[in-house]
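Trainee: I should like to go through this structure with you, one question at a time. Please reason briefly before you give each value or name.

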Amino acid sequence: MNGNKLSLQHKRSLLGIAFIAPWLLGFIFLFAAPLLRSIQFSFSKLTVDPSGFTLQGVGWANFNNALFVDASFNRVLTESVWDMVLNVPMILFFSLFSATLLNQKFRGRIVARAIFFLPVILASNAISAAEASGLINLVGDATAVNELGQSGSQYNVMSMVMILSEIGLPLSFVDYIVDAILRIYEIITSSGVQILIFLAALQSVPGAMYEVAKIEGATAYESFWKITFPLVSPLILTNVIYTIIDSFSGSAVTKMIFTTAFTTQNFGLSAAMSWIYTLIISIILVIVGYVLSKRVHYN
Amino acid sequence: MQSPQAVRKEAQHYRIQKVRGRAVDILYALFRYALVIGISFIIIYPLLMKFSIAFKDKTDIYNPTIYMIPVHFTLDNIRMAMQILDYFPLLGNTLLFVVVTTLLTTASCALAGYGFARFNFPGSSLLFALVILTLLVPTSTLMVPMYLHFRSFDILGIIHLITGKSGLNLLNTYWPSIITSATAIGLKAGLFIYIFRQFFKGMPKEIEEAALIDGAGGVKTFLRIMLPNAVSPMITVILFCFVWQYNDTFFTSLFMSELALMPTKVSSLAAQANALIPGMLGAGGGGSAVKADPNHVAMIIDTGILLAIIPLILLYLVVQRYFVESVERSGIIG
């Protein structure tokens with residue numbers, strides 16, 4: 001081998017690194033460095049001055065403040081994590097249901113699809129913020145809006161609860177169903193992308209399989225659980241992870257971290273809060289990923 | 001031999017079964033339509049309400065008999081909302097910003113996706129795991145360091161060496177978003193890299209080998225052969241990137257809160273409408289004593305929101321059929 005010339009394999013590796021170079025630069029300077037910085041901030045008191053900032057180590061004080069001193073962080077954190085945990089199964093169920101619905105042949109299917117994916121483009125935090133502020137403006141203040149929202153949607157709930165518990169369903173399950181019905185708008189508007197992914201998966205299921213199943217005498221119900229569901233199941237994992245990630249942007253914790261940093265100017269506390277949030281999310285992701293990937297059917 | 005009577009009985013039996021089958025089909029179709037129409041209504045209802053409000057005259061606010069279709073049509077709301085938002089310059093500005101960042105993101109993510117799909121360099125799988133990591137870390141964790149980073153932007157102290165100052169303040173310029181999208185680290189860029197990688201992995205290797213034998217280098221192969229074939233993942237990425245960038249409030253309010261961009265403007269619409277409407281209605285000089293009718297302000301806010309999302313809806317009507325097709329072909333599901 002010639003010492004001056006690089007081997008073909010070597011050249012290929014260099015070329016590959018050249019291709020990912022923009023990302024690599026971005027990753028090192030705009031992701032890894034800030035991430036390490038953020039850890040550093042969470043253990044220190046940060047004061048901003050005109051030329052930059054100064055750091056002063058305070059140990060675990062910020063974490064201590066976030067968890068035990070701050071009046072509302074614990075509550076907001078548990079609420080939004082709990083919200084997410086409740087929403088994920090509902091969104092999954094609804095999106096798989098809608099995807100199977102939209103995958104069937106009926107007149108007006110194209111229009112229906114167009115409408116079902118509309119939330120993908122309209123789900124905007126800016127719009128919901130403006131809407132909320134418009135409503136607050138209308139009613140007076142935020143607590144009034146909350147109460148109004150509750151009383152507005154409380155109509156008919158009691159009768160529904162009665163019917164369901166009369167049937168003999170356990171009360172916690174009834175609660176869950178009623179909650180889902182009250183949140184139907186939120187669920188529908190946040191499942192656009194998930195429907196899209198499920199629909200794409202459904203279309204990749206070979207039609208011949210259904211024909212065979214039909215000839216063998218399987219009902220539509222059976223062929224859903226025996227053919228469709230196993231083939232779509234890898235995407236359930238994808239969708240769960242996507243839904244969890246998607247819940248970051250609008251969650252109350254994110255807003256709280258933002259205001260702690262930029263309104264109260266307590267950067268250290270905000271960094272500590274965000275790390276607590278990140279840790280909880282990653283624990284959930286690891287558990288969900290582990291449990292689901294064991295059950296998923298890969299062909 | 002069967003008797004004619006038995007045959008007739010059998011025929012009747014089949015006829016009944018056929019009718020029953022058809023009845024079940026029709027019932028199911030009706031049920032399906034009810035579901036589809038119901039869900040569609042839930043999705044479209046807020047939009048319809050906004051359209052109705054946008055054309056509704058002020059005098060109709062307190063008329064309880066009106067549902068959806070206003071009695072007095074007017075374009076006043078639209079005019080006022082446009083004035084408050086400074087609509088057309090704002091829209092132009094936003095579109096320019098979004099198009100530039102979308103194109104940069106697509107380009108950098110396509111490069112990275114190809115790099116990860118086709119080259120085996122040391123640590124490539126570890127680096128790809130890091131791509132996924134960028135998706136999983138909540139953006140709020142990076143918020144403060146990124147903010148301070150762009151407040152005094154510097155690359156390895158080069159700017160400090162040249163100018164003697166401690167970095168450039170890039171806040172409230174377009175640079176933070178342009179830099180993050182050019183380096184494929186911006187809004188959900190990890191997802192886009194993943195989409196491109198899956199697609200390029202699925203393409204037959206023989207095409208590239210043929211190009212290599214014919215004397216095309218790696219870069220030429222990518223530009224001439226791989227990219228023209230990657231239209232469907234590109235459409236997916238461009239569509240999603242455009243929409244998410246257009247709707248993003250997190251990065252815009254973090255880095256560019258003072259620039260005229262649609263998301264920041266729309267989220268501060270309420271405050272501005274409250275401040276500006278009395279003056280617009282000719283109550284100028286009254287100062288803070290004159291307050292706008294809250295119902296009227298809410299109307300203007302709704303109209304403003306409608307104005308903000310109309311470009312997206314128009315875009316969507318044109319490209320919506322690519323949405324499903326592109327996701328099917330782009331290999332997310334592979």
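Trainee: What is the accessible surface of chain B, and what share of it belongs to carbon and sulfur atoms?

Mentor: The model is a predicted one, and the areas are computed from it. The accessible surface of chain B comes to about 16,800 Å². The share that belongs to carbon and sulfur atoms is 66%.

Trainee: How much does chain A expose?

Mentor: In chain A, carbon and sulfur atoms supply 66% of the exposed area. That exposed area is about 16,300 Å².

Trainee: What percentage of the residues of chain B count as buried?

Mentor: A residue is buried if its relative accessible area is under 20%. In chain A, with 299 residues, buried residues make up 41%. For chain B, with 334 residues, the value is 48%.

Trainee: How many helices and strands does the secondary structure of chain B come to?

Mentor: Chain A holds 15 helices and two strands. The secondary structure of chain B comes to 15 helices and zero strands.

Trainee: Which share of the contacts in chain B with a separation of 6 or more is accounted for by residues 24 or more positions apart?

Mentor: In chain A, among contacts between residues at least 6 apart in sequence, 65% join residues at least 24 apart. In chain B, residues 24 or more positions apart account for 71%.

Trainee: Which helix gives the most to the lining of the largest cavity?

Mentor: There are two cavities of 30 Å³ or more, and the largest holds about 80 Å³ of space. Its lining includes B:Thr101, B:Ser177, B:Thr180, B:Ser181 and B:Asp248. With three residues, the helix that gives the most to this lining is helix H7 (residues 175–182) of chain B.

Trainee: Which residues that line the second largest pocket are the closest to its centre?

Mentor: The second largest pocket contains about 1,200 Å³ of space. It is lined by 30 residues, and the closest to its centre are A:Thr100, A:Gln104, A:Ala220, A:Phe224 and A:Thr228.

Trainee: Which helix of chain B supplies at least two residues of the lining of that second largest pocket?

Mentor: From chain A, helix H3 (73–103), helix H11 (192–203), helix H12 (207–215) and helix H13 (220–250) each supply at least two residues of this lining. From chain B, the helix that does so is helix H1 (4–54).

Trainee: What is the angle between the planes of A:Phe262 and A:Phe267?

Mentor: The structure holds 34 aromatic pairs over all chains. One of them joins A:Phe262 and A:Phe267, with 5.9 Å centre to centre. Both residues are buried. Planes over 60 degrees apart count as edge-to-face, and this pair is edge-to-face at 80 degrees.

Trainee: Which residue of chain A is in contact with B:Tyr147?

Mentor: B:Tyr147 lies in helix H5 (residues 139–151) of chain B. Leaving aside neighbours within four places in sequence, its contacts in chain B are B:Leu171, B:Leu254 and B:Phe255. The contact in chain A is A:Phe262.

Trainee: Which residue of chain A takes part in the aromatic cluster with B:Tyr114?

Mentor: B:Tyr114 forms one aromatic cluster with B:Phe119, B:Phe196, B:Phe199, B:Phe200, B:Phe222 and a residue of chain A. That residue is A:Phe19.

Trainee: How far is the charged end of B:Lys188 from the centre of the ring of B:Trp244?

Mentor: A charge sits over a ring only if it is within 6 Å of the ring centre. B:Arg197 lies over the face of B:Phe128, at 3.9 Å from the ring centre. The charged end of B:Lys188 sits over the ring of B:Trp244, and its distance from the centre is 4.2 Å.

Conventions. Residues are numbered from 1 along each chain as its sequence is written. Chains are lettered from A and ligands numbered from 1 in the order in which they are written. This is a predicted model: local features need pLDDT of at least 70, side-chain atom pairs count only at pLDDT 80 or more; totals for chains, interfaces and linings use all residues. Side-chain values use heavy atoms; hydrogens and water are left out. Rings of Phe, Tyr and Trp (its six-membered ring) pair if their centres lie within 6.5 Å; planes under 30 degrees apart count as stacked, over 60 as edge-to-face and the rest as tilted. Buried means under 20% relative accessible area, exposed over 50%, partly exposed in between (1.4 Å probe, protein chains only). A charge sits over a ring if NZ of Lys or CZ of Arg is within 6 Å of the ring centre and within 35 degrees of the ring normal. Helices (H or I, at least four residues) and strands (E, at least two) are DSSP runs, numbered from the N terminus. Contact means heavy atoms within 4.5 Å. Accessible areas come from the Shrake-Rupley method with a 1.4 Å probe; for residues, only the protein chains shown count as cover. On a 1 Å grid over the protein atoms alone, a cavity is a set of points where a 1.4 Å probe fits but cannot get out, and a pocket is an open set with protein on both sides within 12 Å along at least five of seven lines; lining residues have an atom within 4 Å of a point. Grid points are joined across faces, edges and corners, and a volume is the space filled by probe spheres set on the points.
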